[in-house]
Amino acid sequence: MNRNIIPIGIDIDSVKSIFGSKDEVLFKQLLKSNFFKKFDEEFSFKNELYDIIFNYVPVQNRIIKPSKLFGLIKGDNGRGLEGDWNDYGYALLTICCFLGKKFSNDEAVFNYDESWWQINTLLRANKASFDLARMLESRQIFDTPYEKDELYINYYSKEEVLEFVTHILNIENEIKKENLPMYETLKNGLLNCKENNLDLVIFSHEI
């Protein structure tokens, strides 16, 4: 397995506030963004991006329809979003890239390779309560259709970022020269998250 990992510093709540915001200006800005153009070349998710902003129904306003006839008639959770996770995933990736700050514009920096393993091994030896492994896992963060499929998503909270920074700085003197590009990119990205009180959201996909 080899995956490209895309870490992004962003306030999770700023992304959640977009859901159902009906912000037409933001929608147009997203469609014009380089991030949308880049990902939309291969994936088509304009409708899902639109649904997140215009059709999402807040919990307090939902009408939930349970399944009927022993599940033959599908229920509806009332959130106003339908479709595949990967389409919503790329819509969310576009939103996060637009609102947040990517650790690197070169996705190859975070390949699952020898640099990754050395940093991960040192973090574990440093008794960090978590390591890079979470970047390769996936879980539902936002209220969209979700499944563990092609595009993965995960995150470290603001509080976890602070701990992450401490452990990353503790292992700096043990990093091999050839692994410094990934280490420095990770360190600088985490420090930026700390200084700006940001969460760390990670998207990853197979290459």
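Colleague: Helices are DSSP runs of H or I with at least four residues, and strands are DSSP runs of E with at least two, both numbered from the N terminus; how many of each does the protein have?

Modeller: The protein has eight helices and four strands. Their order from the N terminus is β-α-α-α-α-α-β-α-β-α-α-β. The radius of gyration is 19 Å, close to the 17 Å that the globule rule gives for 207 residues, so the protein is as compact as a globular protein of that length. That radius is taken over C-alpha atoms, and the rule is 2.2 Å times the number of residues to the power 0.38.

Colleague: Is this predicted or experimental, and how are residues numbered?

Modeller: This is a predicted model, in which local features need pLDDT of at least 70 and side-chain atom pairs count only at pLDDT 80 or more, while totals for chains, interfaces and linings use all residues. Residues are numbered from 1 along each chain as its sequence is written, and side-chain values use heavy atoms, with hydrogens and water left out.

Colleague: What does the C-alpha trace span, and what share of the residues is buried?

Modeller: The trace spans about 60 × 40 × 30 Å along its principal axes. Buried residues are 48% of the 207, where buried means under 20% relative accessible area, exposed over 50% and partly exposed in between, with a 1.4 Å probe and protein chains only. Of the contacts (heavy atoms within 4.5 Å) with a separation of 6 or more, 76% join residues 24 or more positions apart.

Colleague: Turning to α8, which of its residues are buried?

Modeller: They are Met 182, Tyr 183, Thr 185, Leu 186, Lys 187, Gly 189, Leu 190 and Cys 193. These residues pack against β1, α6, α7 and β4.

Colleague: What span should α8 have?

Modeller: Its 16 residues should span 22 Å at 1.5 Å a residue, and the end C-alpha atoms are 22 Å apart, which agrees. The expected span is 1.5 Å times one less than the number of residues.

Colleague: What happens just after α8?

Modeller: Asn 197 takes a positive phi of about 55° there, although it is not a glycine. Asn 197 lies in the loop between α8 and β4 (199–206).

Colleague: Where is Lys 22, and is it buried or exposed?

Modeller: Lys 22 sits in the loop between α1 (12–16) and α2 (24–32). Lys 22 is exposed, at a relative accessible area of 52%. Its phi is also positive, near 60°, in a residue other than glycine.

Colleague: Back to α6: what covers its buried residues?

Modeller: The cover includes β1 (3–10), α7 (158–170) and α8 (180–195). The buried residues of α6 are Ser 115, Trp 116, Gln 118, Ile 119, Asn 120, Leu 122 and Leu 123. Helix α6 covers residues 114–125 and reaches 16 Å from its first C-alpha to its last, close to the 16 Å expected.

Colleague: Which residues does Phe 130 touch?

Modeller: Not counting residues up to four places away in sequence, Phe 130 touches Tyr 156, Glu 160, Glu 163 and Phe 164. Phe 130 is in the loop between α6 and β3 (151–156) and counts as buried at 11% relative accessibility. Its C-alpha is 21 Å from that of Pro 181, and the two are 51 residues apart in sequence.
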